[in-house]
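Let's take a walk through this model together, starting with the whole chain and then zooming in on a few side chains. Keep the structure open as you read.

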Amino acid sequence: MAQSDSQRLSFPEIIELNVGGQVYVTQRETLIAVPNSLLWTTFTQRNPSDIPKDSKGRYFFDRDGFLFRYVLDYLRDLNLVLPEFFKERSRLQKEADFFQLQELSKRLRPLAFSKDNSVSEDTVDPEDSALASALSCASIATVEGSRHASAMSSPITCSPITTPRSLIPSKSGYITIGYRGSYTIGRDIQTDAKFRRVARITVCSKTSLAKEVFGDTLNESRDPDRPPERYTSRYYLKYNFLEQAFDRLAEVGFRMVACNSTGTCAYTSNDPNEDKIWTSYTEYVFSRE
């Protein structure tokens with residue numbers, strides 16, 4: 001018992017974590033908020049010297065660093081609120097299972113959402129849903145039977161009513177796609193030209209519109225938890241193909257309305273006969289009415 005107490009006291013009150021390359025700083029009390037979870041066991045029952053650390057002494061977990069922020073948010077007050085258009089519930093549930101957070105994993109199953117996009121704790125029971133559907137069908141059959149008693153020669157079937165995707169209204173607005181590219185032109189242009197190299201494709205628009213269009217291909221790490229009606233210029237895509245972004249925008253009804261570009265040229269050395277390196281920044285403006 002004394003040894004266990006000594007181990008607990010050896011942990012600082014403020015703990016630095018490295019989760020999949022993402023650094024988090026939090027209180028130890030937050031990490032041990034859920035008894036018998038993996039984090040609770042790690043920071044109450046284990047010796048600090050036995051826990052893997054990175055080169056800077058942070059405790060290391062080889063998990064999804066971006067999704068861990070939702071795990072940490074849950075541990076702070078045992079409540080979970082997900083961003084609008086969040087499409088990684090199954091992956092987040094996998095993280096919850098790894099960290100042995102049973103209640104969080106349960107909440108990430110099929111759920112009912114409130115108007116403010118907060119997650120309800122009431123899960124949808126498939127049997128209850130089926131029962132409600134059956135009762136609805138029975139009610140329809142009863143009404144139809146009373147109206148057309150003589151015409152009930154075939155059973156009434158009840159199918160769910162769905163709204164065609166084409167009838168769901170789309171948000172209008174603008175999305176600007178930007179990228180910085182570079183290429184090198186050597187002395188023999190035909191053989192030495194190294195064409196466009198795109199490092200990152202940025203997305204500038206209203207937050208909710210960007211998430212609707214690009215979904216889980218959108219990287220929000222530079223501007224997390226921004227409200228859906230605010231604007232951002234810090235999102236970027238998880239792929240580096242402009243044509244892929246253009247195809248996606250065309251699929252959801254956007255069309256290009258403007259573009260602009262600027263570029264600079266520099267030599268790799270003071271010798272003007274050496275290769276020239278061109279860099280450019282280009283923006284494409286798309287609109288949907």
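Of the 289 residues in this chain, 34% count as buried. Keep in mind that what you're looking at is a predicted model. Following the backbone, you'll come across ten helices and eleven strands. How do the contacts run along the sequence? Take the contacts between residues at least 6 apart in sequence: 60% of them join residues at least 24 apart. As for the outside, the accessible surface comes to about 18200 Å², and carbon and sulfur atoms account for 51% of that.

Now for the charges. Side chains of opposite charge can pair when their charged atoms come close. How many salt bridges does the structure hold? There are 15. One of them pairs D64 with R91, whose closest N and O atoms are 2.4 Å apart. To find the two partners, look for D64 in the loop between β3 (59-61) and α4 (68-77), and for R91 in helix α5 (residues 89-98); they're 27 residues apart, so this pair links distant parts of the chain. Are these two buried or exposed? D64 counts as buried because its relative accessibility is 17%, which is under the 20% cut-off. R91, at 40%, counts as partly exposed because that value falls between the 20% and 50% cut-offs.

Next, pick out R69 and D225, another salt bridge, with 3.1 Å between the closest N and O atoms. R69 sits in helix α4 while D225 is in the loop between β8 (218-219) and β9 (231-237), so this bridge ties together parts that are 156 residues apart in sequence. R69 has a relative accessible area of 17%, so it is buried.

For a third example, K211 forms a salt bridge with E220, and here the closest N and O atoms are 3.4 Å apart. Is this pair buried or exposed? Both K211 and E220 are buried. Salt bridges can also share partners, and that is how E16, D54 and R58 are joined into one network.

While D225 is still fresh in mind, let's look at its backbone. Most residues other than glycine have a negative phi. D225, in the loop between β8 and β9, has a positive one, near 60°. L78 is another residue with a positive phi, about 55°, although it is not a glycine. You'll find L78 in the loop between α4 and α5. Its relative accessible area is 38%, so L78 is partly exposed.

On to the aromatic rings. A pair of aromatic rings is described by the distance of the centres and the angle of the planes. The structure holds eleven aromatic pairs. Take F11 and Y59: their ring centres are 6.0 Å apart and their planes are at 55°, so the pair is tilted. F11 is in the loop between α1 (2-9) and β1 (14-19), Y59 is in strand β3, and the two are 48 residues apart, making this a link between distant parts of the chain. F11 counts as buried because its relative accessibility is 4%, and Y59 is buried as well, with a relative accessible area of 8%.

Compare that with Y24 and F68. Why does this pair count as edge-to-face? The centres are 5.2 Å apart and the planes are at 70°, and planes over 60 degrees apart count as edge-to-face, so the pair earns that label. Y24 lies in strand β2 (residues 22-27) and F68 in helix α4, so the two rings tie together parts that are 44 residues apart in sequence. Y24, at 13% relative accessibility, counts as buried, and F68 is buried with a relative accessible area of 1%.

Which residues make up the aromatic cluster around these two rings? Y24, F61, F68, F98 and F99 form one cluster. F98 also has a charge for company: the charged end of R63 sits over the F98 ring, 4.0 Å from its centre. Elsewhere in the chain, the charged end of R200 sits over the ring of Y236, again 4.0 Å from the ring centre.

Notes. Residues numbered from 1 in each chain as written. Predicted model: local features only at pLDDT ≥ 70, side-chain atom pairs only at ≥ 80, totals over all residues. Heavy atoms only, no water. Salt bridge = Lys/Arg side-chain N within 4 Å of Asp/Glu carboxyl O. Helix = DSSP H or I, 4+ residues; strand = E, 2+ residues; numbered from the N terminus. Buried < 20%, exposed > 50% of the residue type's maximum accessible area, 1.4 Å probe, protein only. Phe/Tyr/Trp six-rings, centres within 6.5 Å; stacked < 30°, edge-to-face > 60°. Lys NZ or Arg CZ within 6 Å of the ring centre and 35° of its normal. Contact = heavy atoms within 4.5 Å. Areas by Shrake-Rupley, 256 points an atom, 1.4 Å probe, with all protein chains shown as cover.
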